[in-house]
Each structure stands twice: as structure tokens, then as C-alpha cells.
Amino acid sequence: MAISESDPVILVLLGPPGAGKGTQARLLSERFGLPHVSTGEILRRIAATDTPLGREVREIQKAGLLVDDATMARLLRERADDSDCRGGYILDGFPRTIGQAELLETLHGADRRPPLAVAIVVPAAVLLRRLTGRRTCPVCGTIYNVYTNPPHVPDVCDLEGATLSRRSDDTEDAASVRISEYEHETAPLLEFYESRGRLVTVDGDREPAEIFADLEPRLRRLL
Ligand code: AMP
């Protein structure tokens with residue numbers, strides 16, 4: 001495996017909300033020993049604070065809109081500077097605009113290996129069901145779906161017994177806005193990475209393990 005601190009690798013997970021980026025990012029993180037950096041998660045932590053930025057992010061997330069590129073650039077720089085990112089990292093939810101993708105190209109200097117991207121493709125009809133049905137255990141992070149993978153007792157984690165939570169932006173209204181933001185702002189990034197010969201595309205309408213088994217060897221060939 002070619003990944004080391006002297007030759008760090010940045011992997012980017014692309015795909016609409018509900019495509020399973022978080023799940024594949026976790027699997028890649030374990031396999032490659034690189035940290036999983038979710039900008040949605042970083043923002044949710046900020047949104048939970050009673051600060052001007054916290055209030056602003058809370059409203060933007062709840063509506064399903066995007067946080068501005070300048071704020072995202074600052075947050076990514078801060079996280080990428082952490083020592084655990086020295087050997088590289090796996091980005092889930094960033095970049096989401098061409099501006100963010102351009103920033104990432106130059107973030108670590110021209111002599112570094114450029115980022116590689118994975119696009120997870122899922123039919124639009126499947127996405128809404130995945131998002132509106134999603135419930136998460138606040139203790140262990142296990143993700144359920146009330147339609148396709150419900151817990152034994154409704155709204156209770158099978159493993160922890162904790163009450164499951166629902167993201168404020170997994171309502172039907174916010175999910176529709178998020179999908180449309182993806183189509184307008186983020187989908188052009190597929191061409192951005194494809195034209196640079198740095199994109200692996202996988203069918204995301206399968207079980208996570210099957211997607212991962214397809215993805216991992218193809219990604220390694222690009223490393
Ligand atoms: P996620 O958890 O990746 O689905 O992100 C949840 C929400 O956080 C998004 O709908 C946006 O409001 C915000 N967000 C996360 N990452 C970004 C980003 N790279 N740029 C702008 N907004 C973001």
C-alpha cells in the first residue's frame with residue numbers, strides 16, 4: 001500500500017445526500033488507516049453551540065442549503081492541519097462546489113499527490129426514502145432506516161437501548177432542497193475529477209459491503 005506520511009493521499013467521496021458516502025468513508029478509513037473527515041459532522045457540532053456562527057449554520061443546515069465557501073475553506077484548513085491528517089484523510093461532504101474543489105487542489109502545495117475522487121451513483125427515487133427513513137443512535141452511531149433496516153423496537157437502538165435521533169435536515173422538505181443543491185452545485189465535480197483522470201464511479205444501489213468490495217481495488221489502481 002502506497003500511503004504514508006511522506007506521500008499522503010486525500011480521498012474525496014462524492015454523491016448525492018443519502019448515497020452512502022458516510023458508510024463508505026468509514027470503511028475506507030478503517031482499511032487505509034486514514035481519518036474520516038465529515039464536514040457535515042463538523043458543522044453539526046458548530047450548529048449545537050450557542051454562538052452567532054452556530055445559529056447561522058443551524059438555519060442553513062435545517063433548510064438543506066450550503067454553507068459559504070469561505071467558511072468551509074477555513075474549517076477544512078483547521079481540520080486538515082490536525083496531526084492525524086498528516087498521512088492524508090478521507091473527505092465526506094467536501095468539496096461540494098467547484099470553488100471548494102479548486103481550493104482542495106492547492107491546499108497542500110503543488111508537490112503533493114492530488115486528491116482522488118469516488119462518485120457513488122444512486123437513483124433519485126431511492127435517495128428520498130433513505131434520507132427520510134434514516135435514524136441514528138446518538139451513542140454508537142449505528143444507522144437504521146425505518147423502511148429498510150428498522151430497529152427491533154421502534155426508535156430504540158438494538159445495541160445501546162438509546163432513543164434514536166433524526167437529523168433536522170432529513171425531513172422531506174430539507175432533503176429535497178439538499179438533492180437539488182447537489183444537482184446544481186456538486187454534480188459538476190464529477191466532470192472536474194473525471195477530466196483529470198482521478199474519478200472512480202460505483203453503483204451505490206447495493207449493500208455497503210458489496211459497494212466497498214467493488215470500490216476498493218479500483219481505487220488502489222489509481223493510487
Ligand atoms: P452532510 O452531513 O454531508 O449531508 O451535510 C449536512 C449539511 O451540512 C449540508 O446539507 C450543508 O448544509 C452542510 N455542509 C456540509 N458540508 C458542506 C460543504 N462542503 N459546503 C457547504 N455546506 C456543507
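A polar contact is a pair of N or O atoms within 3.5 Å. The legends below describe close-up views of a predicted model.

**View 1. Polar contacts of the ligand with Gly93, Leu65 and Thr39**. A polar backbone atom of Gly93 lies 2.9 Å from a nitrogen atom of the ligand. The backbone also takes part at Leu65, where an N or O atom is 2.5 Å from an oxygen atom of the ligand. At Thr39 a polar side-chain atom is placed 2.8 Å from a ligand nitrogen atom. The ligand taken alone exposes 480 Å², of which the protein buries 96%.

**View 2. The shell of residues around the ligand**. Of the 16 residues around the ligand, those that come nearest are Thr39, Gln61, Leu65, Gly93 and Arg96. By class, the shell divides into 6 nonpolar, 5 polar and 5 charged residues. Helix 2, spanning residues 39-47, gives the most to this shell, with 4 residues.

**View 3. The aromatic pair Phe192 and Tyr193**. A pair of aromatic rings is described by the distance of the centres and the angle of the planes. The count comes to 1 aromatic pair. The ring centres of Phe192 and Tyr193 are 5.1 Å apart and the planes stand at 75 degrees, so the pair is edge-to-face, given that angles over 60 degrees count as such. Tyr193 is buried, because its relative accessible area is 0%, and Phe192 counts as buried at 7% relative accessibility; the cut-off is under 20%.

**View 4. Arg196 over the ring of Phe192**. The charged end of Arg196 sits over the Phe192 ring, 3.7 Å from the ring centre.

Conventions. Residues numbered from 1 in each chain as written. Predicted model: local features only at pLDDT ≥ 70, side-chain atom pairs only at ≥ 80, totals over all residues. Heavy atoms only, no water. Near = heavy atom within 4 Å. Polar contact = N/O pair within 3.5 Å; in protein donor to acceptor, adjacent residues only side chain to side chain. Areas by Shrake-Rupley, 256 points an atom, 1.4 Å probe, with all protein chains shown as cover. Helix = DSSP H or I, 4+ residues; strand = E, 2+ residues; numbered from the N terminus. Nonpolar A, V, L, I, M, F, W, Y, C, P; charged D, E, K, R; others polar. Phe/Tyr/Trp six-rings, centres within 6.5 Å; stacked < 30°, edge-to-face > 60°. Buried < 20%, exposed > 50% of the residue type's maximum accessible area, 1.4 Å probe, protein only. Lys NZ or Arg CZ within 6 Å of the ring centre and 35° of its normal.
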